[in-house]
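Here are a few exercises to work through with the model open beside you. Try each task before you read its solution.

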Amino acid sequence: MEDATPLPAAPSTAPSGWLLTITQLPTEDPASRMRVLRTLESLGAAVMREGVFLLPDTPANRQSLHTLAEYILKVAGSAYLLHVAAVTPAQQDDFKKLFDRSARYENLIKTVESLRVGFGHSDPSAISRVVHKQRREFESIAALDFFPTASRARAQETLAAADAEVRKLLFPAQAPAALAPGEALLGRTWVTRKPLWADRLASAWLIRRFVDPEATLTWLEKTQSLPDNAVSFGFEGAHFANNETRVTYEEMIHRLDLAKNGALVKIGSIVHYLEARGTPVAEAAGVQTLLQGAQRRSTSDAELLAEAEKTFDLLYEAYYQPPKN
């Protein structure tokens, strides 16, 4: 969760009135009709009656509705954009209620707070991904929240608290298990815990490709004990695990003197973002999609690793820069 993207602030320009859009959409062109309706929905417009939509009058909404009106005219419809300034206090309150996002914020709060049940039991990375998803949900709600209420502040505080707690789970203070000085890491059994996701998969790829090509990799359930003489990675108390600032993959390249390889460091930034967020990495979304596809098509952990290795191999080839003579 480090360097988490700041949550959006309330709109900087207060609404100066209301914009009423009256439309007549062509029934013979369902695609255009659907496009108009989806655009109005994305703007957060309230439906007053069929073909009549209301939005607070802000510069952004005004520009968006003018652009939409031009499109409606091009597809043989009609659109009228009216500015409504004079309304009674009762009407003003009724209009504001149409844009009350409190219920959505409260649902988000319940979802985030329900995650506490899994703290200490569920995989921290999985919890982190849910919190990240809820952060994106908050941002989508806030973008259309023209009249913020106390629910918005509570949702923001709940997310911040969850971020802090999940970070403690992802980066525990417990010291890793010690390796003997000069202990050989070739031909060893390497073990981690299920479920497998970006950090554990990338670490396994790193082991096979750069640390121990003859490694035997084993995936353990949470309750299974470690085999004797195994090298562990990717969970609290393992030989290689998250620390205060690095995920397991990054810790491995740091301790095994691989951090001089810029391609491995670049992959590490992607893995870090997928596991713990922080500074966004442009390629992360694509890598996430590929790993999710690998999860769906694989029928075993071995197959999943084989598919994931293809992704990390390609990333490495794309990033690697041969030393200049």
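**Exercise 1. Count the helices and strands in the protein chain, then decide whether the chain is more spread out than a compact globule or not.**

Solution. Begin with the secondary structure of this predicted model: the protein chain has 11 helices and seven strands. Next, take the radius of gyration, which is 26 Å, and set it against the 20 Å that the globule rule gives for 325 residues. The value is well over the rule, so the chain is more spread out than a compact globule. For the outline, the C-alpha atoms fill a box of roughly 80 × 40 × 40 Å along the principal axes. To finish, look inside: buried residues make up 45% of the 325 residues. Of the contacts between residues at least 6 apart in sequence, 75% join residues at least 24 apart.

**Exercise 2. Work out how helix H8 and helix H9 are arranged: roughly parallel or roughly antiparallel?**

Solution. Find H8 at residues 248–255 and H9 at residues 262–276. Their axes come within 8 Å and cross at roughly 155 degrees. Angles over 145 degrees count as roughly antiparallel, so H8 is roughly antiparallel to H9. The crossing of H8 past H9 is left-handed.

Now list the residues that meet. H8 supplies Tyr-249, Glu-250 and Ile-253, while H9 brings Leu-264, Val-265, Ile-267, Gly-268, Ser-269, Val-271 and His-272. Sorted by class, this contact has six nonpolar, three polar and one charged residues.

**Exercise 3. Is Asn-261 buried or exposed, and which residues does Asn-261 touch?**

Solution. Place the residue first: Asn-261 sits in the loop between H8 and H9. Its relative accessibility is 17%, so Asn-261 counts as buried, the cut-off being under 20%. Leaving out residues up to four places away in sequence, Asn-261 touches Phe-210, Tyr-316 and Tyr-320.

**Exercise 4. Examine the backbone at Pro-195, Ala-76 and Asn-229.**

Solution. Keep the background in mind: most residues other than glycine have a negative phi, and most peptide bonds are trans.

- Lys-194 and Pro-195 are joined by a cis peptide bond, with omega about 0 degrees. Pro-195 is in the loop between strand S5 (189–193) and helix H7 (198–211).
- Ala-76 has a positive phi, near 70 degrees. Look for Ala-76 in the loop between helix H2 (59–74) and strand S4 (78–84); with a relative accessible area of 60%, Ala-76 is exposed.
- Asn-229 has a positive phi of about 65 degrees. Asn-229 lies in the loop between strand S6 (216–220) and strand S7 (231–232), and at 68% relative accessibility Asn-229 counts as exposed.

Terms used:
Residues are numbered from 1 along each chain as its sequence is written. This is a predicted model: local features need pLDDT of at least 70, side-chain atom pairs count only at pLDDT 80 or more; totals for chains, interfaces and linings use all residues. Side-chain values use heavy atoms; hydrogens and water are left out. Axes are lines fitted to C-alpha atoms, for helices over the stretch in contact, and angles run from 0 to 180 degrees between N-to-C directions. Helices (H or I, at least four residues) and strands (E, at least two) are DSSP runs, numbered from the N terminus. Angles under 35 degrees count as roughly parallel, over 145 as roughly antiparallel, 65 to 115 as roughly perpendicular and the rest as oblique. A crossing is left-handed if the near helix is turned anticlockwise from the far one by less than a right angle, and right-handed if clockwise. Contact means heavy atoms within 4.5 Å. Ala, Val, Leu, Ile, Met, Phe, Trp, Tyr, Cys and Pro count as nonpolar, Asp, Glu, Lys and Arg as charged, and the others, Gly among them, as polar. The radius of gyration is taken over C-alpha atoms; the globule rule is 2.2 Å times the number of residues to the power 0.38. Buried means under 20% relative accessible area, exposed over 50%, partly exposed in between (1.4 Å probe, protein chains only).
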